[in-house]
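Me: I would like to learn how to read a model like this one, feature by feature. Can we go through it together?

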Amino acid sequence: MMRILILGAPGAGKGTQSKLISEILSIPHISTGDILRNEISSGTPLGNKVKSYVESGQLVPDEIIVEVLLSEMSKDKYKNGYILDGFPRNMNQLKVMEEKGIHVDKVIFIDTSEEEIIKRITGRRSCPNCGSVYNLYYNPPKQQNKCDKCGTELVQRKDDTEEVVRKRLETFKNETLPIVDYYTSKKILYRVNGNKNFDDIKNEIFSLLGV
Ligand code: AMP
């Protein structure tokens with residue numbers, strides 16, 4: 001039984017790393033951000049309620065997100081462990097989680113500098129036609145702003161602008177960093193250098209988990 005929590009600023013690669021750990025260890029991954037994005041794209045009442053928060057980079061109110069989490073976690077598939085990604089985001093959510101008996105054994109904090117995050121997120125471009133993803137700094141298209149595969153003009157996601165990213169980073173520092181301190185004091189937090197490349201981060205996490 002392994003109950004893991006992944007913490008990190010937006011753009012630290014929590015989602016991608018969580019998915020890999022989930023596959024390798026056969027533990028279900030639960031991402032509150034993914035759940036909300038699905039609800040939004042399906043146009044459900046919950047999706048409509050949270051849309052403006054998610055798109056402007058603000059946290060969804062605690063009452064809403066706590067209910068989303070608890071209803072997801074009540075499923076049988078989480079009985080033998082999970083990788084929690086995106087929850088808790090503040091001390092109140094952490095408190096509610098513990099009161100409801102949801103606990104974690106290991107916390108992995110992907111620690112990435114602000115400068116690196118801004119570069120990764122604001123450099124991201126995608127092709128509206130075939131879905132290919134590029135980064136102007138790390139993986140630029142061969143022709144300026146055109147998709148290598150199909151030649152379509154690349155676009156930037158609404159929440160990938162510098163303004164929204166800065167807001168999400170500010171929220172992370174004010175609301176979520178206290179959670180890092182909390183688990184540090186409980187001695188179950190492992191800090192991983194998030195400024196390295198993706199594979200190095202992955203390897204460091206896997207060795208921490210004994211994989
Ligand atoms: P993420 O994919 O985890 O970065 O989440 C994307 C967005 O979903 C966030 O910017 C918030 O608007 C919302 N969100 C996800 N998880 C939470 C949470 N635990 N509390 C509040 N808002 C959340």
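Reply: What follows takes the sheet, then the helices on it, then the ligand, then some backbone details. Keep in mind that this is a predicted model.

Me: Begin with the sheet. In what order do the five strands stand, and how do they pair?

Reply: To read a sheet, list the strands by their neighbours. Here the order is β2-β3-β1-β4-β7, the sheet is open, and the pairing is parallel.

Me: Which strands stand at the edges, and why is one side of each left without a neighbour?

Reply: The edge strands are β2 (29-31) and β7 (189-193); each has a single partner strand, so one side of each has no neighbour in the sheet. From one strand to the next, the twist averages 20°.

Me: Take one pair as an example. How many bridges join β1 and β3?

Reply: Five bridges join β1 (residues 2-8) to β3 (residues 81-85), in the parallel sense. One of the residues to look up is M2, whose bridge partner in β3 is G81.

Me: Which strands does helix α2 touch?

Reply: For a helix on a sheet, give the strands in contact and an angle. Helix α2 (residues 32-42) packs on the sheet and touches β2 and β3, with its direction at about 60° to that of β2. Helix α7 (residues 162-185) lies across β1, β4 (106-111) and β7, and runs at about 140° to β1.

Me: Now the ligand. Which residues come nearest to the ligand?

Reply: There are 14 residues around the ligand, and T32, R37, Q58, G86 and Q93 come nearest. Helix α2 supplies the largest share of this shell, with four residues. By class, the shell holds six nonpolar, five polar and three charged residues.

Me: Which atoms of the ligand lie 2.8 Å from T32 and 2.9 Å from G86?

Reply: For each polar pair, note the atom on either side and the distance. A nitrogen atom of the ligand is 2.8 Å from a polar side-chain atom of T32. For G86, a polar backbone atom lies 2.9 Å from a ligand nitrogen. With R89, a polar side-chain atom is 3.1 Å from a ligand oxygen. As for cover, the ligand on its own has 480 Å² of accessible area, and the protein covers 94% of that.

Me: On to the backbone. Where is the cis peptide bond?

Reply: Omega tells you this. The cis bond joins F87 and P88, with omega about 0°. P88 is in the loop between β3 and α5 (91-99).

Me: What is phi of S26?

Reply: Phi of S26 is near 50°, a positive value in a residue other than glycine. S26 belongs to the loop between α1 (14-25) and β2.

Me: Last, how far apart are the C-alpha atoms of R3 and H103?

Reply: Compare the separation along the chain with the distance in space. R3 and H103 are 100 residues apart along the chain, and their C-alpha atoms are separated by 7.3 Å. R3 is in strand β1. Leaving aside residues up to four places away in sequence, R3 touches G81, Y82, H103, V104, D105 and K106.

Key: Residues are numbered from 1 along each chain as its sequence is written. This is a predicted model: local features need pLDDT of at least 70, side-chain atom pairs count only at pLDDT 80 or more; totals for chains, interfaces and linings use all residues. Side-chain values use heavy atoms; hydrogens and water are left out. Two strands pair if DSSP finds at least two bridges between them. Helices (H or I, at least four residues) and strands (E, at least two) are DSSP runs, numbered from the N terminus. Axes are lines fitted to C-alpha atoms, for helices over the stretch in contact, and angles run from 0 to 180 degrees between N-to-C directions. Contact means heavy atoms within 4.5 Å. A residue is near a molecule or strand if one of its heavy atoms lies within 4 Å of it. A polar contact is a pair of N or O atoms within 3.5 Å; within protein, one must be able to donate a hydrogen and the other to accept it, and residues adjacent in sequence count only if both atoms are side-chain atoms. Accessible areas come from the Shrake-Rupley method with a 1.4 Å probe; for residues, only the protein chains shown count as cover. Ala, Val, Leu, Ile, Met, Phe, Trp, Tyr, Cys and Pro count as nonpolar, Asp, Glu, Lys and Arg as charged, and the others, Gly among them, as polar.
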